[in-house]
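Please go through the fold of this chain by question and answer, beginning with its sheet and ending with its helix.

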Amino acid sequence: NPPKYAMLGCKELVIYDPDHSLHRRTKERVAIQVFRRAGDGLFARVYAGDGPVHCEQLAAWLVVVPGEPPFLRIARDAVGLDLVPTAIELAEAAQQQADLAQEQAAAAQIQAAAAQDQAAAAQEQAVVAQEQAVVAQEQAAAAQEQAAAAQEQAAAAQEQAAAAQEQAAAAQEQAAADRAARLAQETENAELRAELARLRGG
């Protein structure tokens with residue numbers, strides 16, 4: 001009832017008929033009608049059609065979106081591509097963002113757990129590596145001790161060999177001295193026998 005709204009001082013009135021397509025034979029049935037108060041104060045219909053149509057009070061466009069039934073939507077552009085989200089769409093978008101945030105949080109928790117597992121494994125590997133290093137150090141120390149003992153044994157063997165060589169040299173000298181003494185004694189004895197024989201024969 002446009003006159004009623006005119007009496008209430010309404011500046012702009014939009015009437016939407018979602019069933020206009022069912023009454024194509026009635027010329028008065030259109031999708032959108034816009035009534036607007038002019039500068040002289042008259043409240044008159046300024047548009048009647050299928051839209052889009054500009055709404056001055058909303059500073060936006062009104063478009064009919066196909067559906068069962070078709071919906072009247074507010075758009076930011078004259079073509080009707082940039083639709084203003086409805087409360088339901090905003091709630092759905094918020095729910096999608098919340099679901100995405102939950103999925104991201106769950107993925108982050110999984111990644112954090114995996115990182116903790118990797119850190120624990122790295123710590124275990126570090127402990128094993130330290131134990132292996134200690135064992136290697138102990139083995140190296142034992143090898144050094146064995147090498148030192150072997151060197152000491154080699155030095156002792158060299159000393160024993162030198163002492164044996166000295167003993168052999170001394171034994172050789174003693175044998176030579178003994179042979180020389182025997183030879184001298186035999187020579188002296190031979191001379192004495194010869195002198196005795198000469199004395200007996202004379």
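Q: In what order do the three strands of the open sheet lie?
A: This is a predicted model. Its open sheet has three strands, paired in the antiparallel sense. The twist from one strand to the next averages 20°. The strand order is E1-E2-E3.

Q: Why is one side of strand E1 and of strand E3 left without a neighbour in the sheet?
A: Strands of a sheet pair through backbone hydrogen bonds, either parallel or antiparallel. Strand E1 covers residues 12–16 and strand E3 covers 43–49. One side of each has no neighbour in the sheet because both strands stand at the edges, each with a single partner strand.

Q: Which residue of E3 is the bridge partner of Phe35?
A: Strand E2, residues 32–37, pairs with E3 in the antiparallel sense over six bridges. The partner of Phe35 lies in strand E3, and that bridge partner is Arg45.

Q: Is Arg45 buried, partly exposed or exposed?
A: The relative accessible area of Arg45 is 41%. A residue is buried under 20% and exposed over 50%, with partly exposed in between. Arg45 is therefore partly exposed.

Q: With which side chain does the side chain of Arg45 make a polar contact?
A: Beyond four places in sequence, Arg45 touches Glu28, Gln33, Val34 and Phe35. The polar contact made by the Arg45 side chain has a distance of 2.7 Å. Its partner is the side chain of Gln33.

Q: How far apart are the C-alpha atoms of Arg45 and Glu12?
A: Arg45 and Glu12 are 33 residues apart along the chain. Their C-alpha atoms are separated by 9.5 Å.

Q: Which residues make up the largest nonpolar core?
A: In soluble globular proteins, nonpolar side chains tend to be buried together. E2 and strand E4 (53–55) each supply at least two residues of this core. A second, separate core of five residues includes Ala6, Cys10, Phe35 and Phe43. The largest core has six residues in all: Ala31, Ile32, Val34, Val53, Cys55 and Leu62.

Q: Which members of the largest core are in contact with Ile32, leaving aside neighbours within four places in sequence?
A: The contacts of Ile32 include Val14, Ile15, Tyr16, Tyr47 and Leu72. The largest core contains Ile32 along with Val53 and Leu62. Ile32 is in contact with Val53 and Leu62.

Q: How far apart in space are Ala169 and Val128, C-alpha to C-alpha?
A: Ala169 has its place in helix H2, residues 87–201. Ala169 counts as partly exposed, at 32% relative accessibility. Ala169 and Val128 are 41 residues apart in sequence, and their C-alpha separation is 60 Å.

Note on methods: Residues are numbered from 1 along each chain as its sequence is written. This is a predicted model: local features need pLDDT of at least 70, side-chain atom pairs count only at pLDDT 80 or more; totals for chains, interfaces and linings use all residues. Side-chain values use heavy atoms; hydrogens and water are left out. Two strands pair if DSSP finds at least two bridges between them. Helices (H or I, at least four residues) and strands (E, at least two) are DSSP runs, numbered from the N terminus. Axes are lines fitted to C-alpha atoms, for helices over the stretch in contact, and angles run from 0 to 180 degrees between N-to-C directions. Buried means under 20% relative accessible area, exposed over 50%, partly exposed in between (1.4 Å probe, protein chains only). Contact means heavy atoms within 4.5 Å. A polar contact is a pair of N or O atoms within 3.5 Å; within protein, one must be able to donate a hydrogen and the other to accept it, and residues adjacent in sequence count only if both atoms are side-chain atoms. A nonpolar core is a set of buried Ala, Val, Leu, Ile, Met, Phe, Trp, Tyr and Cys residues joined through side-chain atoms within 4.5 Å.
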